[in-house]
Amino acid sequence: MEITIEKIIYPGKSLGLNNAKTILTDEGIPGEIVEIIPLKEKKNYIDAKTIKIIKLSPYRISPKCAHYKICSPYQYIDYKTQLAIKESQLKEIFPGMPISIIPSPEIWAYRNKIKLNVIWKDKKAFLAYHIPESRQEFIQIDSCDLVSENINKLLASFISIVNQENLTSIKEIEVKESYTAKKLMFTTKPFIKIEKIQNNPYIEETAAGKTFRIGPESFFQVNVPILEIALKEMQKPISPGKKETIADLYCGVGTFGIALSDFAEKIIGIESEPANISFLKTNLKLNKIENFHLYEGDCEKLFPMLMNKGIDILILDPPRKGLDNMLCQNITLSSIKKILYLSCNPSTLSRDLKILSRSYAVKTLQLLDFFPHTPHIETLAMLEKK
């Protein structure tokens, strides 16, 4: 079956029509004619797979990785077009809102972490990614262009040792790298100490002039160059004079609160994960931060108790599921003047903004491209009290 690709919809499916029936396939740039095979008929569309490109787009390029469909399925699209596609997706999700695009300063080797499976074939170990939507199927990889040469060298040494020492119990490896210091840290599941590879118990990253110590289980943004840009954007709504109180919900190891601590009178941080809290406390000491007040626990439970603390600016960086409905409701009832909402999922951001818009107006919506060559969209929404 041949179809013309009309557009690419979030999160990354190429859409075409056949006899007024919507087809969603795994590859195809708008304007291309592709041959597809139907995989599954759903209620409102047919799920398909592209098997041949009949008419090529001028924006199609050669992917770097043989396994690109697994880790970075936009690799076949030139970078400028990737950004245009993401912008059009945001315009559909947020009609009428002002949207600006901030490209990633680096589009290769930008990721500071990678997690891979260890699989065995014919008594030999290989590194592999899970096939999407499957926990049993894998695709073997030798290296990945989204991470640095340092990480790829460590992975090569690791899998060589696994084979030499027949470490059949290891199922996963995760590697993290400091973008600024170039130090590496890795963990295996189950944990096995590998003496032949130098490992660090933690790494230190620098952003906005602050030092962040990061552990194996703690969260930190994967693209440091664009994180620096995001932090500068977050400084803009803060009034000069260090008179405001900023609350940083889901504060992790303190990335945003610590980075913005020089601009505020007081920082309130809320975090529930023990692995993050431990390193957050260390980071406060490393940076000699004295105006940061940490509350340990769930944002949903703690925020109502803090609503009367005179918060001026609220920073939100929730997981993909977005904000709890009751938390959204409580925010609308607060006297907070400005909200900076960094979202990794435009669908849940759209849902949350519908509630927040009862009391707040969206002033800017920025697409910060933290994840080049992937369909992932990171968005910074800046809101002000109506």
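## Strands β7 and β8

In this predicted model, V118 stands opposite L127, a residue of β8. The two strands concerned are β7, which covers residues 113-121, and β8, which covers residues 124-130. Their pairing is antiparallel and extends over 5 bridges.

Together β7 and β8 form a hairpin, with 2 residues between the strands. One residue of the turn, D122, has a positive phi of about 50°.

## Strands β7 and β10

Strand β7 also pairs with β10, again in the antiparallel sense and over 5 bridges. Two facing positions illustrate this pairing. L116 stands opposite I173 in β10, and the bridge partner of N117 in β10 is E172.

## The five-stranded sheet

These strands belong to an open sheet of 5 strands. The order across the sheet is β9-β8-β7-β10-β11, and the pairing is antiparallel. At the edges lie β9 (138-141) and β11 (184-189), each of which pairs on one side only. On average, neighbouring strands of the sheet are turned by 40° against each other, when direction is ignored.

## Helix α3 and strand β8

Helix α3 spans residues 149-164 and contains I159. What is the separation between the C-alpha atoms of I159 and L127? These two atoms are 7.1 Å apart, although the residues are separated by 32 residues along the chain. L127 is the residue of β8 that stands opposite V118. I159 has a relative accessibility of 15% and therefore counts as buried, the cut-off being under 20%.

## Cysteines

A disulfide is a covalent bond between the sulfur atoms of two cysteines. How many disulfides does a search of the whole structure find? The search finds 0. C71 is in no disulfide, and the nearest cysteine sulfur, that of C144, lies 4.1 Å away.

Why is there no bond between C71 and C144? The two sulfurs are 4.1 Å apart, which is too far for a bond, because a disulfide requires the sulfur atoms to be within 2.5 Å. Both cysteines fall under the 20% limit for burial. C71 is buried with a relative accessible area of 15%, and C144 counts as buried at 2% relative accessibility.

## The internal cavity

Rolling a probe the size of a water molecule over the atoms shows where empty space is left. A search of the whole structure finds 1 cavity of 30 Å³ or more. The largest cavity has a volume of about 80 Å³.

Which residues line the largest cavity? The lining consists of N112, K113, K176, E177, I203, E205, I214, S218, F219 and F220. The elements that give two or more residues to this lining are β10 (172-177) and β12 (203-207). By type, the lining residues divide into 4 nonpolar, 2 polar and 4 charged. Strand β10 thus appears in two settings, as it contributes to the cavity lining and pairs with β7 in the sheet.

## The second largest pocket

The second largest pocket has a volume of about 160 Å³. Its lining is formed by F186, T187, T188, F191, I192, K193, I194, E195, I197, Q198 and N199. These residues divide into 5 nonpolar, 4 polar and 2 charged. Among the lining residues are F186, T187 and T188, whose numbers fall within the range 184-189 of the edge strand β11.

Terms used:
Residues numbered from 1 in each chain as written. Predicted model: local features only at pLDDT ≥ 70, side-chain atom pairs only at ≥ 80, totals over all residues. Heavy atoms only, no water. 1 Å grid on protein atoms, 1.4 Å probe; cavity = no way out; pocket = protein on both sides within 12 Å on 5 of 7 lines; lining within 4 Å. Points joined across faces, edges and corners; volume = space filled by probe spheres on them. Helix = DSSP H or I, 4+ residues; strand = E, 2+ residues; numbered from the N terminus. Nonpolar A, V, L, I, M, F, W, Y, C, P; charged D, E, K, R; others polar. Pairing = 2+ DSSP bridges. Axes fitted to C-alpha atoms, helices over the stretch in contact; angles between N-to-C directions. Buried < 20%, exposed > 50% of the residue type's maximum accessible area, 1.4 Å probe, protein only.
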